[in-house]
Amino acid sequence: MGRYRAPRPPSAKYITPEGAARLKRELDELWRVKRPAVTRAVAEAAAQGDRSENAEYISGKKQLAEIDRRVRYLRKRLTGIRVVDQLPSDTSKVFFGAWFELTSDDGKHEYRLVGPDEFDFAPEYISVDSPLGHAVLGKGSGAQIVVRTPEGESHYELTAVRYAQ
């Protein structure tokens, strides 16, 4: 068998203004602070002589590769992304950037629907590409939501929708 892996489905190209600012800060930090520091460390390690057995040199080169990979990803992602900074015409339904409340047997939970690049910024952020994100998109208060998970179906009621201004 080969090592072929099917390409990942394209992720949503939307982001909140806060998420875009955070990605830009990360890119700036990587490019202006971390990369120069690691480059200096690699240069110092290279000056010590034999590079083949120099752990600092090898580790530094791996760090540089990881930083460069992330920088390339961030630059590409930031150029192809759309910052959503306006409210939708119907604010009674869940669309990108909405805060919504779900009620289930576990109690009430509040989430915010965000892009795939920012769902890990806070525990209450849900990606628009996730099963729950797909299920609530376009729904209004009182809607019954069913989400299929590996453990089975989860049932929720959408009890509130709001948008931060």
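Let's start with helix H2, which runs through residues 55-79 of this predicted model. H2 has 25 residues and covers 36 Å from its first C-alpha to its last, close to the 36 Å you'd expect at 1.5 Å a residue. Follow the helix along and you'll find a set of buried positions: Tyr 57, Gly 60, Leu 64, Ile 67, Val 71, Leu 74, Arg 77 and Leu 78. What do these buried residues of H2 pack against? Their partner is helix H1, residues 17-46.

Now slide back to the N-terminal end of H2, where Asn 54 acts as the cap. Asn 54 sits in the loop between H1 and H2, and one of its side-chain oxygens is 3.2 Å from the backbone nitrogen of Glu 56. Is Asn 54 buried or exposed? Its relative accessible area is 6%, so Asn 54 counts as buried, the cut-off being under 20%. If you set aside neighbours within four places in sequence, Asn 54 is in contact with Ala 45 and Gln 48.

H2 also turns up when you look at the pockets. The largest pocket has a volume of about 600 Å³. It is lined by 19 residues, and the closest to its centre are Arg 8, Ser 11, Tyr 73, Arg 77 and Asp 117. Which helix gives the most to this lining? That's H2, with 6 residues. Arg 77 is worth a second look here: it belongs to the buried set of H2, and it is also among the residues closest to the centre of the largest pocket. By class, the lining of this pocket splits into 8 nonpolar, 8 charged and 3 polar residues.

Next comes the second largest pocket, at about 220 Å³. Of the 13 residues that line it, Val 84, Asp 85, Leu 87, Arg 112 and Ala 164 are the closest to its centre. The lining of the second largest pocket is made up of 6 nonpolar, 4 polar and 3 charged residues.

Finally, head over to Tyr 4, in the segment before strand E1 (14-15). Why does Tyr 4 count as exposed? Because its relative accessibility is 68%, and exposed means over 50%. To place Tyr 4 against another part of the chain, try Arg 82: the two are 78 residues apart in sequence, and their C-alpha atoms are separated by 31 Å.

Terms used:
Residues are numbered from 1 along each chain as its sequence is written. This is a predicted model: local features need pLDDT of at least 70, side-chain atom pairs count only at pLDDT 80 or more; totals for chains, interfaces and linings use all residues. Side-chain values use heavy atoms; hydrogens and water are left out. On a 1 Å grid over the protein atoms alone, a cavity is a set of points where a 1.4 Å probe fits but cannot get out, and a pocket is an open set with protein on both sides within 12 Å along at least five of seven lines; lining residues have an atom within 4 Å of a point. Grid points are joined across faces, edges and corners, and a volume is the space filled by probe spheres set on the points. Helices (H or I, at least four residues) and strands (E, at least two) are DSSP runs, numbered from the N terminus. Ala, Val, Leu, Ile, Met, Phe, Trp, Tyr, Cys and Pro count as nonpolar, Asp, Glu, Lys and Arg as charged, and the others, Gly among them, as polar. The expected span of a helix is 1.5 Å times one less than its number of residues. Buried means under 20% relative accessible area, exposed over 50%, partly exposed in between (1.4 Å probe, protein chains only). Contact means heavy atoms within 4.5 Å. A polar contact is a pair of N or O atoms within 3.5 Å; within protein, one must be able to donate a hydrogen and the other to accept it, and residues adjacent in sequence count only if both atoms are side-chain atoms.
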